[in-house]
Amino acid sequence: MPHDPAEEQEKTMAILGLAANFGKDLPEPLLDLWLDLLAPYPSGLVRAAVRKVIESYAYKTLPPFAVLKTALDELEGRGEKAMELAALAEWGALMGAVRERGRYAKPALHPTTEQVLRLLGGWEAACSWSLAELDFKRRDFCRTWPEADAKTALLPLGAAGILAGALQLEAEQSCGGSHEY
């Protein structure tokens, strides 16, 4: 992926600003690593995430990259709370479809819901769950859904497909170029 020098410069300034806010200097190798990790994000989003970290991080030490990543995910609507709410909403939609359609009229479902439902036994099984089972099935569904989201293409391939996809993603991410200023 070609990188825009202006975008990279804005990200660099945001990261250096974050470090300066906590009274730290970021060594160049660490700055380069952070820039590689931030490559998929637009500079405006990075600046907003840095602002969020500066406003909310309660410690005096420089926050690790994971704290910035959490802020990025939250700003993109992919944070932990957003994913929990999405899973719960999908559970509600699934239960509504089971009530309205029954066993013989399976509706089109969100791709992630489709995969999680397959893992829990499929549409017919969902239509047969007893009231006593529903709390456990909801818990299993809502725990699995956030992990399965955005992996719907790999899940039908099984463990070997997921491993191959993870290795390919890791290889693509490690091919990033060096950063010149």
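These are my notebook entries on the helices, cores and selected residues of a predicted model.

**Entry 1. Overall make-up**

I began with the secondary structure and counted nine helices and zero strands. Read along the sequence, the pattern is α-α-α-α-α-α-α-α-α. I then looked up burial for the protein, which has 181 residues, and found that 33% of them are buried. I also asked how far apart in sequence the contacting residues lie. Among contacts between residues at least 6 apart in sequence, 67% join residues at least 24 apart.

**Entry 2. The cores**

I next looked for nonpolar cores. The largest one has 21 residues. Within this core, the residues with the most contacts are Ile-15, Leu-38, Val-46, Leu-68 and Leu-72. I noted which helices supply at least two residues each: helix 1 (5-21), helix 2 (28-38), helix 3 (43-56) and helix 4 (65-75). Of the helices, helix 3 gives the most to this core, with five residues.

I followed one of these residues, Leu-68, further. Setting aside neighbours within four places in sequence, I found Leu-68 in contact with Trp-34, Leu-38, Ala-49, Val-50 and Val-53. I then recorded a second core, separate from the one above, with 18 residues. Its members include Ala-97, Leu-120, Trp-123 and Trp-145.

**Entry 3. Helix 1 against helix 2**

I turned to helix pairs, since two packed helices are described by the angle between their axes and the distance between the axes. For helix 1 and helix 2, the axes come within 10 Å and cross at roughly 125°. The two helices are therefore oblique to each other. I recorded the crossing of helix 1 and helix 2 as right-handed. On the helix 1 side, the contact is made by Glu-8, Lys-11, Thr-12, Ile-15, Leu-16 and Leu-18. Helix 2 contributes Leu-31, Trp-34, Leu-35 and Leu-38. By class, I noted seven nonpolar residues, one polar and two charged in the contact of helix 1 with helix 2. Ile-15 and Leu-38, listed in this contact, are also among the residues with the most contacts inside the largest core.

**Entry 4. Helix 5 against helix 8**

I looked up helix 5 (residues 80-101) and helix 8 (residues 131-148) as the next pair. Their axes come within 9 Å and cross at roughly 135°. That crossing angle makes helix 5 oblique to helix 8. The crossing of helix 5 and helix 8 is right-handed. From helix 5, I listed Met-83, Ala-86, Ala-87, Leu-88, Glu-90, Trp-91, Leu-94 and Met-95 in the contact. From helix 8, I listed Leu-134, Lys-137, Arg-138, Phe-141, Cys-142, Trp-145 and Pro-146. The contact of helix 5 with helix 8 has 12 nonpolar and three charged residues, and no polar ones.

**Entry 5. Helix 6 against helix 8**

Helix 8 also meets helix 6 (residues 111-119), with axes that come within 9 Å and cross at roughly 130°. I therefore class helix 6 and helix 8 as oblique to each other. Helix 6 passes helix 8 in a right-handed crossing. On helix 6, the contact is made by Thr-112, Thr-113, Val-116 and Leu-119. On helix 8, it is made by Phe-141, Thr-144, Trp-145 and Ala-148. I found five nonpolar residues, three polar and no charged in the contact of helix 6 with helix 8. Which residues of helix 8 are listed here and also in the contact with helix 5? Phe-141 and Trp-145 appear in the contact with helix 6 and in the contact with helix 5. Trp-145 is also one of the residues of the second core.

**Entry 6. Single residues**

I first checked Ser-43, which lies in helix 3. Is Ser-43 buried or exposed? The cut-off for burial is under 20% relative accessible area, and Ser-43 counts as buried because its relative accessibility is 4%. Leaving aside neighbours within four places in sequence, I found Ser-43 in contact with Glu-7, Glu-10 and Lys-11.

Arg-51 also lies in helix 3. I recorded Arg-51 as partly exposed, with a relative accessible area of 47%. Arg-51 and Leu-18 are 33 residues apart in sequence, and their C-alpha atoms are 8.2 Å apart in space.

Last, I looked up Arg-99 in helix 5. Arg-99 is exposed, with a relative accessible area of 66%. The C-alpha atoms of Arg-99 and Cys-127 are separated by 8.2 Å, and the two residues are 28 apart along the chain.

Technical notes: Residues numbered from 1 in each chain as written. Predicted model: local features only at pLDDT ≥ 70, side-chain atom pairs only at ≥ 80, totals over all residues. Heavy atoms only, no water. Axes fitted to C-alpha atoms, helices over the stretch in contact; angles between N-to-C directions. Helix = DSSP H or I, 4+ residues; strand = E, 2+ residues; numbered from the N terminus. Parallel < 35°, antiparallel > 145°, perpendicular 65-115°, else oblique. Left-handed = near helix turned anticlockwise from the far one by under 90°. Contact = heavy atoms within 4.5 Å. Nonpolar A, V, L, I, M, F, W, Y, C, P; charged D, E, K, R; others polar. Core = buried A, V, L, I, M, F, W, Y, C linked by side-chain atoms within 4.5 Å. Buried < 20%, exposed > 50% of the residue type's maximum accessible area, 1.4 Å probe, protein only.
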